[in-house]
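Reader: I'd like to learn how to read salt bridges in a model. Could you walk me through them?

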Amino acid sequence: SFAMGFRDGNAIDLSALREFSRAELLQLLDRLQGSKALVLDPALSGPINLIAEVSLLKEHGVEKTTMLKNEPLIVEQRQIMYLVRAKTSNMKTIADHIRHHLHTSNTKFEYFVCMVPQRTIMCEKTLEEEGVHGDITVADFNLDLIPLNEDVISMENADSLKECALLGDKTSLFYAAKGLMKMQLLYGAFPTIKGKGFAAKAVADMLEEMGNELGSDPVEVEPKFDELILIDREVDLITPMVTPLTYEGMIDDVFGISNGIAALPGTVLSSAQALYRAGGSTGPADRNVKVKVALNAGDACFMQIRDLRATLVGPVIARRQEFVKHVQEGSSAQMYQSSAAATVVNLKRELNLTDDEAHEWSKGLAQLNTDEEYRRAGLHAGIAKELSDTLADLTFGRRVEVERLILDGRMTQERALEYAEDLMYRQHDPFPKVLRLLCLISTCFDGIKNFDHYKRELLHVYGYEHMFALANLERIGLVKRSSESAAGLIAGVAAGMVGGVVG
């Protein structure tokens with residue numbers, strides 16, 4: 001993912017990047033005239049929704065949209081477009097669909113396979129080996145960088161670290177460089193490029209090479225960015241292993257966020273309506289019923305609290321609710337005619353807002369959609385209430401404490417492993433969270449003592465289907481056996497530091 005900081009506080013308009021991808025998608029759709037069925041790779045469903053609405057797809061002839069599955073494809077449309085990641089497994093599934101149609105249907109289908117971000121030799125070879133390459137038309141869809149928010153762009157490729165570190169496949173780095181090159185064509189060249197890590201250097205080198213291929217002055221647009229900073233994920237493998245404590249981080253950790261959409265339990269809506277009596281439909285109250293909610297720049301309340309510690313968002317949401325109610329009741333009608341400074345003073349005095357809140361919330365006050373803002377404030381109150389249950393859990397608090405002690409160097413490996421083993425046996429946390437803790441311990445202590453014991457116990461408790469996951473983590477060094485020589489070296493360095501201080 002690419003995060004952007006803005007020196008003057010004004011976000012750069014990323015709509016051009018979205019429009020670029022949308023135009024390319026529509027151009028591909030229009031290559032099949034008339035009605036068609038669209039078969040989507042499930043991994044691309046979210047990204048496609050971010051650049052093109054369902055209504056827009058229908059305008060361009062898409063009468064049915066279905067997900068790619070390893071089962072017979074049943075559609076009435078004669079033209080079928082596949083929009084999939086360039087993976088051999090997807091090619092085999094498509095080949096199965098074609099063979100099934102040849103044996104069971106008299107309809108002559110037309111198959112159009114669009115590979116994201118571009119076709120690969122392995123994929124084309126797989127189609128040839130499956131005997132269906134001559135039955136399809138192949139095209140590329142260069143969907144590389146996707147705007148998730150006004151300051152976040154993502155490739156939405158969850159397998160990039162696995163491909164680079166485990167499989168030795170650096171293709172995703174090439175796609176990252178291509179995406180950044182597209183940004184330079186749209187927003188101007190990066191005046192300065194800085195980086196940290198081998199992958200960062202590889203991307204920077206590719207960018208330089210791509211620029212050289214375009215000529216001495218490839219980008220004529222006035223630069224919108226001051227500099228590009230590339231950071232290799234492998235430079236910091238500790239942060240992803242630690243429990244997030246910010247509001248947005250906890251939503252992702254507890255409920256999950258994908259493509260800027262949070263999958264929240266149905267009880268969140270009922271909690272929100274009970275707290276703020278938002279009115280309207282009560283919504284599903286079943287915790288197992290998932291409600292999808294967009295979390296982006298269109299939600300002013302979320303943008304203010306997303307980076308705050310989750311324990312601190314309650315009072316901020318309450319002040320936001322009071323502010324919206326204040327405007328909704330019309331008591332601030334005179335603010336619209338007053339100066340900006342007077343508006344800020346009035347808000348601070350009447351609602352007890354902080355300076356930052358008063359300045360930020362006074363912007364666009366006259367255009368404020370109070371009903372929507374009131375509903376959003378209620379929604380976040382419901383989410384905060386759900387998260388408060390997690391924050392109040394003693395097991396959660398103890399885990400955060402243990403992680404902090406490990407990072408501060410105030411807990412021995414033996415005590416950390418005892419805690420991890422206790423989590424295993426209690427099965428309070430799911431397998432990924434226990435594995436994250438073991439990765440943290442292994443990284444911070446340069447390996448795990450008696451590793452085979454903990455590996456055996458982990459598989460015994462959670463199931464041997466996780467054996468391959470553990471083996472892959474071992475291969476890339478995220479979990480490993482403790483090296484006695486390394487342990488001795490660390491102890492020696494520590495003793496030397498202490499001796500130096502005492503002396």
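Author: Sure. The count comes to 30 salt bridges, each being a side-chain nitrogen of Lys or Arg within 4 Å of a carboxyl oxygen of Asp or Glu. This is a predicted model, where local features need pLDDT of at least 70, side-chain atom pairs count only at pLDDT 80 or more, and totals for chains, interfaces and linings use all residues. Residues are numbered from 1 along each chain as its sequence is written, and side-chain values use heavy atoms, with hydrogens and water left out.

Reader: What's the general idea behind such a pair?

Author: Side chains of opposite charge can pair when their charged atoms come close. Take Arg398 here: a salt bridge links Arg398 to Glu401, with the closest N and O atoms 3.1 Å apart.

Reader: How many residues apart are Arg398 and Glu401 in helix α16?

Author: They sit 3 residues apart in α16 (residues 394-408), so about one helical turn separates them. Helices here are DSSP runs (H or I, at least four residues), numbered from the N terminus.

Reader: Is Arg398 buried, partly exposed or exposed?

Author: Arg398 is partly exposed at 31% relative accessibility, and Glu401 is partly exposed at 41%. Buried means under 20% relative accessible area, exposed over 50%, and partly exposed in between (1.4 Å probe, protein chains only).

Reader: Which residue does Asp408 form a salt bridge with?

Author: That's Arg404, with the closest N and O atoms 3.8 Å apart. Both lie in helix α16, 4 residues apart, about one turn of the helix. Elsewhere, salt bridges with shared partners join Asp299, Glu372, Arg375 and Arg376 into one network.

Technical notes: Helix = DSSP H or I, 4+ residues; strand = E, 2+ residues; numbered from the N terminus.
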